[in-house]
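Student: I should like to examine how the terms applied to a structure follow from computed values. Please show me the structure first.

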Amino acid sequence: MSGLVGPSGFAGFVLRRLVGAVVTLLAISVIIYLVFYVAPGNVAQITCGPRCSPAQVHQVAEQLKLDDPLYLRYWHFLQGIVVGHDYSTGTSVEHCDAPCLGLSYQSDEQVTRLIWAKLPATFSLVIGAAVLWLALGVGTGVLSAWRRGRITERVLTGVTLAGTATPVFVIGLVLMIVVCGQLQWLPFPQYVPFTEDPEQWAWNLLLPWLALALIEAAKYARLTRASMLETLAEDHVRTFRAYGVRERSIIGRHALRGAVAPVIALTANDFGSAIGGAVLTETMFGLPGLGRELVHAVDVVDLPVVVGMVLVTGFFVVLANAVADVLFAVADRRVVLS
């Protein structure tokens with residue numbers, strides 16, 4: 001009987017998280033539509049940009065159907081994301097396949113294609129940094145908990161506190177000045193696609209990975225240390241010590257296992273947040289990712305691109321949170337019963 005109840009309960013848990021993610025995404029789309037397409041004054045002028053002629057502004061107003069009621073305009077916006085949309089370019093009609101996020105009024109390119117072209121650089125940055133911050137953060141947290149009360153713990157605690165308080169652009173500038181400028185150990189970052197040259201891809205991204213990872217690793221070190229110290233204070237650990245089990249075995253088999261669930265959840269959350277928050281890192285190191293493209297779109301007031309970037313960022317954040325909930329439940333099945 002328990003074998004039937006377990007999977008059913010977990011399947012229901014996953015289904016609830018998926019439904020919650022869909023509802024959250026709908027709420028985000030409503031908020032974004034209201035903020036960008038309702039709150040401004042002349043929506044057509046803002047969407048088209050400052051260099052548009054009156055005829056172009058009128059064409060944009062027709063495409064956005066500004067004369068329709070608000071609920072109908074939002075429905076057309078949502079319909080474009082789900083099933084696609086047809087756009088008039090003046091002499092012809094261009095079909096934008098779902099998920100259609102509109103056309104850039106600076107380049108006349110579909111926003112979805114533009115985002116798709118920028119995703120590899122952002123994913124390259126975030127995935128590499130995630131591997132580093134997990135290795136550095138968890139390793140530092142384990143060592144700090146193992147050496148509790150010694151000089152090693154005090155030094156590592158001070159380093160993690162400094163890392164938490166230091167902005168990423170400060171660490172990035174220091175790394176570029178010291179590592180690239182004075183020591184010349186690494187080249188100044190220049191993005192090379194993984195499919196062209198994997199070695200140069202990693203070599204040029206190592207510095208951005210370090211800049212982002214050093215900030216995030218501080219959180220993981222503190223979380224791992226706190227979780228392990230809590231586990232080490234439990235009764236069963238004291239029993240292991242009384243039976244003569246070596247400290248290294250206790251750390252590796254029991255204390256570290258207790259820190260896995262919160263680390264998994266935090267990793268999934270931070271992965272989604274890092275995709276949306278890579279603006280500073282990408283701009284500083286000149287990486288052609290989503291963050292840098294968003295800054296450019298804001299500068300030239302390309303509203304469809306801004307809206308599309310914000311929607312995609314929200315999607316990844318919501319998806320990462322849903323994945324974090326499921327992974328946390330896999331690591332600790334008591335979550336399913338709560």
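Student: What makes the contact between the side chains of Lys 219 and Glu 216 a salt bridge?

Tutor: In this predicted model, the side chains of Lys 219 and Glu 216 meet at 3.0 Å, N to O. The criterion asks for a side-chain nitrogen of Lys or Arg within 4 Å of a carboxyl oxygen of Asp or Glu, so the pair qualifies as a salt bridge.

Student: Why are Lys 219 and Glu 216 separated by about one helical turn?

Tutor: They are separated by about one helical turn because they lie three residues apart in helix α8 (residues 198-232).

Student: Why is Glu 216 called buried, and why is Lys 219 called partly exposed?

Tutor: Buried means under 20% relative accessible area; Glu 216 has 14% and therefore counts as buried. Lys 219 has 34%, which falls between the limits of 20% and 50%, so Lys 219 counts as partly exposed.

Student: What makes Glu 216, Lys 219 and Asp 270 a network?

Tutor: Besides its bridge to Glu 216, Lys 219 meets the side chain of Asp 270 in a salt bridge at 3.2 Å, N to O. Asp 270 lies in helix α10 (residues 247-276) and Lys 219 in helix α8, so this pair ties together parts that are 51 residues apart in sequence. Salt bridges thus link Glu 216, Lys 219 and Asp 270 in a network.

Student: How do you know that Lys 118 and Glu 293 form a salt bridge, and which parts does the pair tie together?

Tutor: Their N to O distance is 3.8 Å, which is within the 4 Å limit, so the contact counts as a salt bridge. Lys 118 lies in helix α5 and Glu 293 in helix α12 (residues 290-299), so the pair ties together parts that are 175 residues apart in sequence.

Student: Why is Val 174 called partly exposed?

Tutor: Val 174 has 46% relative accessibility, and the class runs between 20% and 50%, so Val 174 counts as partly exposed. Val 174 lies in helix α7 and is one of the residues of a nonpolar surface patch with about 810 Å² of accessible area together. Helix α7 (residues 168-182) gives the most to this patch, with six residues.

Student: How many residues of each class line the largest pocket?

Tutor: The lining has 16 nonpolar, two polar and no charged residues. The pocket holds about 510 Å³ of space, and α1 gives the most to its lining, with five residues.

How values were computed
Residues are numbered from 1 along each chain as its sequence is written. This is a predicted model: local features need pLDDT of at least 70, side-chain atom pairs count only at pLDDT 80 or more; totals for chains, interfaces and linings use all residues. Side-chain values use heavy atoms; hydrogens and water are left out. Patches are made of residues with over 30% relative accessible area and no salt bridge: like charges are joined within 9 Å, nonpolar side chains (Val, Leu, Ile, Met, Phe, Trp, Tyr) within 5 Å. Accessible areas come from the Shrake-Rupley method with a 1.4 Å probe; for residues, only the protein chains shown count as cover. Helices (H or I, at least four residues) and strands (E, at least two) are DSSP runs, numbered from the N terminus. Buried means under 20% relative accessible area, exposed over 50%, partly exposed in between (1.4 Å probe, protein chains only). On a 1 Å grid over the protein atoms alone, a cavity is a set of points where a 1.4 Å probe fits but cannot get out, and a pocket is an open set with protein on both sides within 12 Å along at least five of seven lines; lining residues have an atom within 4 Å of a point. Grid points are joined across faces, edges and corners, and a volume is the space filled by probe spheres set on the points. Ala, Val, Leu, Ile, Met, Phe, Trp, Tyr, Cys and Pro count as nonpolar, Asp, Glu, Lys and Arg as charged, and the others, Gly among them, as polar.
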